[in-house]
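Open the model in a viewer and set the display to cartoon, with the ligand as sticks. The stops below go from the backbone to the ligand.

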Amino acid sequence: MKILAFGTSNNRRSINRTLATYAAQLVEGATVEVLGIADYEMPIFSDEREQALGQPPQAKAFFQKIAEADALVISFTEHNGSYTAAWKNLFDWTSRIDTKVFQGKPALFLATSPGPGGAANVLAAAVNSAPYFGANVISSLSVHSFHENFDEEAGHISHRGIQRRLRRATRMLGNKVSRSLQLADTDIAV
Ligand SMILES: Cc1cc2nc3c(=O)[nH]c(=O)nc-3n(C[C@H](O)[C@H](O)[C@H](O)COP(=O)(O)O)c2cc1C
């Protein structure tokens with residue numbers, strides 16, 4: 001089972017990337033690939049730039065990474081109550097290849113921030129719009145006060161309640177993907 005994990009900021013040391021990576025690794029039997037969206041930066045989208053550039057290779061490569069995955073674990077960084085400019089730009093360019101950016105993949109949507117809000121606003125926006133963009137969100141979770149609740153030295157969630165919810169969410173995702181892969185196997189056998 002291949003899981004693609006990433007955070008939605010272009011910070012190399014993103015706490016959302018850390019959270020997405022950690023959560024993806026909790027899924028039993030998963031092979032995890034972690035992306036940095038800074039590797040897919042493009043000029044700010046405009047219609048004129050699209051006419052000039054077409055579909056940039058970064059957008060195509062990002063879309064292909066999603067295509068190759070069995071499931072997605074995405075953790076959303078919140079900037080001023082919404083998506084980061086880096087994510088919105090990558091998303092906008094990729095949506096011009098196909099509006100169903102997430103290509104029907106089962107997904108776990110997470111969000112975290114250093115503060116008590118836990119980036120819950122951007123998470124709600126992402127979950128609400130997910131069906132339109134082809135994400136099958138199996139579960140979602142906001143982790144507030146990241147630095148108090150994630151032990152960076154030990155590399156795990158230190159808050160027992162959050163850890164329990166995250167384990168449940170990753171188990172649901174793993175079960176969903178396993179079932180889909182088994183069904184696909186049966187289809188081939190028949
Ligand atoms: C311009 C800016 C706006 C921010 N707005 C929010 C916000 O609306 N809500 C929030 O929880 N954190 C906000 N933060 C704090 C970020 O959550 C924090 O910097 C976080 O570490 C960034 O996530 P990352 O480490 O995944 O890149 C903001 C930070 C910046 C620089």
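This tour covers the sheet, a helix across it, and the ligand site of a predicted model.

**The sheet**

Select the strands first. Five of them make up an open sheet, ordered E2-E1-E3-E4-E5, with parallel pairing. At the edges are strand E2, residues 31-35, and strand E5, residues 136-143, each of which pairs on one side only. Now look along the sheet for its twist: on average, neighbouring strands are turned by 20° against each other, direction ignored.

**Strands E3 and E4**

Next, select residues 71-76 and 106-112. These are strand E3 and strand E4, which run parallel and are joined by 5 bridges. In general, strands of a sheet pair through backbone hydrogen bonds, either parallel or antiparallel. To find one facing position, label Phe76: the residue opposite it is Ala111, in E4.

**Helix H3**

Select residues 57-68, which form helix H3. Which strands does helix H3 lie across? The helix crosses E1 (2-7), E2 and E3, and its direction is at about 140° to E1.

**The ligand**

Now centre the view on the ligand and show the residues around it. The ligand is surrounded by 13 residues, and the closest are Ser9, Asn11, Ser14, Glu78 and Gly81. Sorted by class, this shell contains 9 polar, 3 nonpolar and 1 charged residues.

Three distances to oxygen atoms of the ligand can be checked in turn:

- Asn11: a polar atom of the side chain lies 2.7 Å from a ligand oxygen.
- Gly81: a polar atom of the backbone is 2.8 Å from a ligand oxygen.
- Ser113: an N or O atom in the side chain is 2.9 Å from a ligand oxygen.

Finally, switch the ligand to a surface. On its own the ligand exposes 620 Å², and 65% of that is buried by the protein.

Methods:
Residues numbered from 1 in each chain as written. Predicted model: local features only at pLDDT ≥ 70, side-chain atom pairs only at ≥ 80, totals over all residues. Heavy atoms only, no water. Pairing = 2+ DSSP bridges. Helix = DSSP H or I, 4+ residues; strand = E, 2+ residues; numbered from the N terminus. Axes fitted to C-alpha atoms, helices over the stretch in contact; angles between N-to-C directions. Contact = heavy atoms within 4.5 Å. Near = heavy atom within 4 Å. Polar contact = N/O pair within 3.5 Å; in protein donor to acceptor, adjacent residues only side chain to side chain. Areas by Shrake-Rupley, 256 points an atom, 1.4 Å probe, with all protein chains shown as cover. Nonpolar A, V, L, I, M, F, W, Y, C, P; charged D, E, K, R; others polar.
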